[in-house]
Amino acid sequence: MLAADPNLKCVVCYARISFDGRVKDAHGVEDQHRDMTETARRFGWLIVYRYTDNDKSASKENVVRDDFEQLLVDLAAGVTPEGYPIHGVMAVNDDRLYRRPSDWERYLKAFTSHEGRVYHDSNGIQDLYAEGFEIKGLVGVAMSLSETRKKQRRSRNSHRSRAIRGKSVSAWRPFGWEDDKVTLRQNEADAIRKAVHDVIAGASISEITRQWKEAGYVTSRGNPFQYQTVKQILMNARLCGYREIKGELVRDGDDQPIVGEWEPIITPKQWFAVTAKIRERGGGTGMPRGGLVHKYLLTGILRCGSVLEDGTVCNNKMIGIKANDWLKYEHAYMCKKTVDGGCNKTYKRGDKTDSVIEELVIAKLERDAATKAQEVPDWDKADALERALKSRRELERRWHDDEDTDIDDETFFRNLPILERRIKELRADQRAHEALKAEAEEATGDIRKSWGSKTLTQKREAIKKVLSAVIAVPGGKGNKTFDPDLLKPVWRTSE
């Protein structure tokens, strides 16, 4: 074609869009390429390559636009990846190509590395070789950046304004609510309530994730649940009706949390409790700690009570094992073999041992629960928080008062961080107290009834809270009847 028409322009097209919407069907970049194809046909140009960066921002420094980078390489080389010459570039608008000064300079250098190229955007054919065009381009980039920041600022202000009004701003349907983001989807809401209750009682997020997967739940985007997704759901203040932005509760003029327009799933006390529980794990990060996952209830809790030849007690941690097939029970506990540091002299039937210890623990928990809620006093720093908030309001009032010459900018900004830090510390203490109170109230429920629905991990956590160990005294040689009196619980003392 070039041999037949030496004046034929072989051009490349570049299309980009920052957000591809929810369906991710690339319709935005397809529309851009369609428009450029029609324009190229009018000019008699031949499109030899199409570069596309879909769903990628041009204003964020941490975003790598692969096709834009490839375009710069090909412009410098003078040919497309297939070897076709590049006589020009097309874009529906210049901000599709660049939004930052560094990208504009790189693009201009690559474009002008060869003479005689054409460039076309919404302003028509542009002469990028003209004197002063580099400055003109930088001015355009600066204006584009300014407009981008204005939009971001308007978006943030709008987001916060809606938050203060208690409006839902979720882009997707939140798990637990219907498409209107206000009405509860009961089966999902029930799953969240149970998960919150279980986590407060000691269940891990990994267990909740597994339960939701087995129950067939998926995210609102249709993806299987992962650990991090479940953690984010359980820590979201939306569950109790509160609004938050970047992890901070949105508050009104009286410093009270804003209540949203949607139906809450749990109470604020339950939310404080579950978030505190999650933060306790993984050094406060809420990340899974890993470690052993035990198959049997009392592994590591039972200790061998066999008296050795030197008069000392073995005291080795006993392990759970699968019982022989001909026995009536499925598992047992035994002291480790001598090569592993044990004495191998104590053996206990698993099902009956579990039953005895569970009954002891349930009875202990029931006794403790009767007084546990009463042991948590009311938060005693409410006055201190109110004084700190009042001091901040007074400082802000005096700073805004032009007639008050005692508070200048330097004084204001020196004192404000001190008050802000004090308020933040008091609120953190308040949240911790609310969590403790909520956990205590959870403990007053029907412990015996709820015990059967607990996971193995929850039961082990509950047992370890009240028992330091259980000493298993051997029953002697031969096939003897199971004797519960040979199990000696070692109760934890109150600190």
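**Exercise 1. State whether Thr299 is buried or exposed in this predicted model, and describe its surroundings.**

Solution. Begin with the accessibility: Thr299 has a relative accessibility of 11%, and the cut-off for a buried residue is under 20%, so Thr299 counts as buried. Next, place the residue along the chain, where Thr299 belongs to the loop between H9 and strand E8 (302-304). Finally, list its partners, leaving out residues up to four places away in sequence: Thr299 touches His294, Met318, Ile319, Gly320, Tyr333 and Arg460.

**Exercise 2. Work out which strands stand at the edges of the open sheet E9-E10-E11.**

Solution. The order is the starting point: three strands form the open sheet, running E9-E10-E11, and their pairing is antiparallel. Strand E9 (319-322) and strand E11 (347-349) each have a single partner strand and therefore stand at the edges, with one side of each left without a neighbour in the sheet. Neighbouring strands here are turned against each other by 30° on average, direction ignored. As background, strands of a sheet pair through backbone hydrogen bonds, in either a parallel or an antiparallel manner. To look at one pairing in detail, take strand E10 (residues 331-334), which pairs with E11 in the antiparallel sense over three bridges; within this region, Met334 stands opposite Tyr347 in E11.

**Exercise 3. Describe where Lys336 is found and which residues it touches.**

Solution. Lys336 is found in the loop between E10 and E11. Its relative accessibility is 28%, so Lys336 counts as partly exposed. Now compare sequence with space: Lys336 and Thr346 are ten residues apart in sequence, and their C-alpha atoms are 8.9 Å apart. When residues up to four places away in sequence are not counted, Lys336 touches Asn316, Lys317, Ile319, Gly342, Cys343 and Asn344. Ile319 thus appears in the list for Lys336, and Ile319 also appears in the list for Thr299.

**Exercise 4. Identify the elements that give two or more residues to the largest nonpolar core, and find what surrounds Trp271.**

Solution. The largest nonpolar core has 36 residues, and those with the most contacts inside it are Ile192, Val196, Trp212, Ile265 and Trp271. Two or more residues come from each of helix H6 (186-200), helix H7 (205-214), helix H8 (227-235), helix H9 (268-280) and helix H12 (409-442). Of these, H6 gives the most, with seven residues. For Trp271, leave aside the neighbours within four places in sequence; the remaining contacts are with Leu234, Met235, Asn236, Ala237, Cys240, Glu244, Leu249 and Ile266. Apart from this core lies another, of 26 residues, including Leu298, Ile357, Trp451 and Val470. In soluble globular proteins, nonpolar side chains tend to be buried together.

**Exercise 5. Characterise the salt bridges Arg41 to Glu38, Arg96 to Asp95 and Arg349 to Asp351 by the accessibility of their partners.**

Solution. The structure holds 21 salt bridges, and the pairs are taken in turn.

- Arg41 and Glu38 form a salt bridge whose closest N and O atoms are 2.8 Å apart. Because the two are three residues apart in helix H1 (residues 27-43), they are separated by about one helical turn. Arg41 counts as exposed at 55% relative accessibility, whereas Glu38 is partly exposed, with a relative accessible area of 40%.
- Arg96 and Asp95 meet through their side chains at 3.2 Å, N to O. Arg96 is buried, with a relative accessible area of 13%, and Asp95 is buried as well, at 18%.
- Arg349 and Asp351 meet in a salt bridge at 2.7 Å, N to O. Arg349 counts as partly exposed at 23% relative accessibility, and Asp351 counts as partly exposed at 32%.

Salt bridges that share partners also join Arg65, Glu69, Arg100, Asp103 and Arg106 into one network.

**Exercise 6. Summarise the protein as a whole: how many helices and strands does it have, and what share of its residues is buried?**

Solution. Counting elements gives 14 helices and 13 strands. Of the 495 residues in the protein, 40% are buried. Among contacts between residues at least 6 apart in sequence, 62% join residues at least 24 apart. The protein exposes about 28,300 Å², of which carbon and sulfur atoms supply 50%.

Technical notes:
Residues are numbered from 1 along each chain as its sequence is written. This is a predicted model: local features need pLDDT of at least 70, side-chain atom pairs count only at pLDDT 80 or more; totals for chains, interfaces and linings use all residues. Side-chain values use heavy atoms; hydrogens and water are left out. A nonpolar core is a set of buried Ala, Val, Leu, Ile, Met, Phe, Trp, Tyr and Cys residues joined through side-chain atoms within 4.5 Å. Buried means under 20% relative accessible area, exposed over 50%, partly exposed in between (1.4 Å probe, protein chains only). Helices (H or I, at least four residues) and strands (E, at least two) are DSSP runs, numbered from the N terminus. Contact means heavy atoms within 4.5 Å. Two strands pair if DSSP finds at least two bridges between them. Axes are lines fitted to C-alpha atoms, for helices over the stretch in contact, and angles run from 0 to 180 degrees between N-to-C directions. A salt bridge is a side-chain nitrogen of Lys or Arg within 4 Å of a carboxyl oxygen of Asp or Glu. Accessible areas come from the Shrake-Rupley method with a 1.4 Å probe; for residues, only the protein chains shown count as cover.
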